[in-house]
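Visitor: Could you take me through one part of this model up close? I'd like to look at the sheet and whatever packs around it.

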Amino acid sequence: VDSSLLDEWERMKDPQAVPVADAIKALAEPPKPKELLADKRAFGARVRTELHRLVLALARKEYERTLTLLRPGEVAWTAKGLEDALVPYWEEHQAIDTTPRTRRPLHTLLRELEPGLYRAEQRLFDPEGDDDWVVECRVDLRGRTVLEDSEEPLLELVRLGI
């Protein structure tokens, strides 16, 4: 079917109208994936989500799983290294609180150090209310294109501590 007459009629009614053939083509094409940094709010939400998964794995003492949630970074973490880093925490505290109150955005710090390089910190909450430990990570997107739907981890663990 030739839609040229319909397209011309639509253009006469509305000069900004999209031709029918173009509209059908646009519907048939899948949307192009967006870069993660194109939407700063979505980027922040993604970092917070990854931090919360990381904290949950640490709270469960699933150190091997924790490693799968991290990108390799300057510090070469191992399951034993994670366990050792948390020994002082477990000597003082019975658990890491992972309830919804601990996942509020105000407990996460995300700061851009330079274009494409970020520092991310998540406070660890303990039953005693000291809440003085943090998980400090780095997100390095310099020279990398990460799409919104990518499942690769963003976080590089820098330190666990006070």
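Guide: Leucine 110 sits opposite alanine 120, a residue of E2. Keep in mind as we go that this is a predicted model. That pair belongs to the stretch where E1 and strand E2 (residues 117-124) run antiparallel, paired over 6 bridges. Follow the two strands along and you also find glutamate 114, whose bridge partner in E2 is leucine 117. The hairpin made by E1 and E2 has 2 residues between the strands, and glycine 116 there takes a positive phi near 85°.

Now zoom out a little. These strands are part of an open sheet of 4 strands, in the order E1-E2-E3-E4, and the pairing is antiparallel. At the edges are strand E1 (108-114) and strand E4 (155-161), each of which pairs on one side only. On average, neighbouring strands of this sheet are turned by 20° against each other, if you ignore direction. As for what holds such an arrangement together, strands of a sheet pair through backbone hydrogen bonds, in either a parallel or an antiparallel way.

Next, the helix. Helix H3 (residues 40-59) lies across E1, E2, strand E3 (133-140) and E4, and runs at about 45° to E2. A good residue to click on is histidine 52, which lies in helix H3. Histidine 52 counts as buried because its relative accessible area is 17%, and the cut-off for buried is under 20%. What does the histidine 52 side of the helix touch? Setting aside neighbours within four places in sequence, histidine 52 is in contact with Thr102, Arg103, Thr108 and Gln122. Thr108 falls within E1 (108-114), while Gln122 falls within E2 (residues 117-124), so you can trace contacts from this one histidine to both strands of the hairpin we started with.

The helix has another job for your viewer, too: the largest pocket. H3 gives the most to its lining, with 4 residues. The full lining is Arg46, Thr49, Glu50, Arg53, Thr68, Leu69, Ser150, Glu151, Glu152 and Pro153. Sorted by type, the lining residues come out as 2 nonpolar, 3 polar and 5 charged. The space in this largest pocket is about 160 Å³.

Terms used
Residues are numbered from 1 along each chain as its sequence is written. This is a predicted model: local features need pLDDT of at least 70, side-chain atom pairs count only at pLDDT 80 or more; totals for chains, interfaces and linings use all residues. Side-chain values use heavy atoms; hydrogens and water are left out. Two strands pair if DSSP finds at least two bridges between them. Axes are lines fitted to C-alpha atoms, for helices over the stretch in contact, and angles run from 0 to 180 degrees between N-to-C directions. Contact means heavy atoms within 4.5 Å. On a 1 Å grid over the protein atoms alone, a cavity is a set of points where a 1.4 Å probe fits but cannot get out, and a pocket is an open set with protein on both sides within 12 Å along at least five of seven lines; lining residues have an atom within 4 Å of a point. Grid points are joined across faces, edges and corners, and a volume is the space filled by probe spheres set on the points. Ala, Val, Leu, Ile, Met, Phe, Trp, Tyr, Cys and Pro count as nonpolar, Asp, Glu, Lys and Arg as charged, and the others, Gly among them, as polar. Buried means under 20% relative accessible area, exposed over 50%, partly exposed in between (1.4 Å probe, protein chains only).
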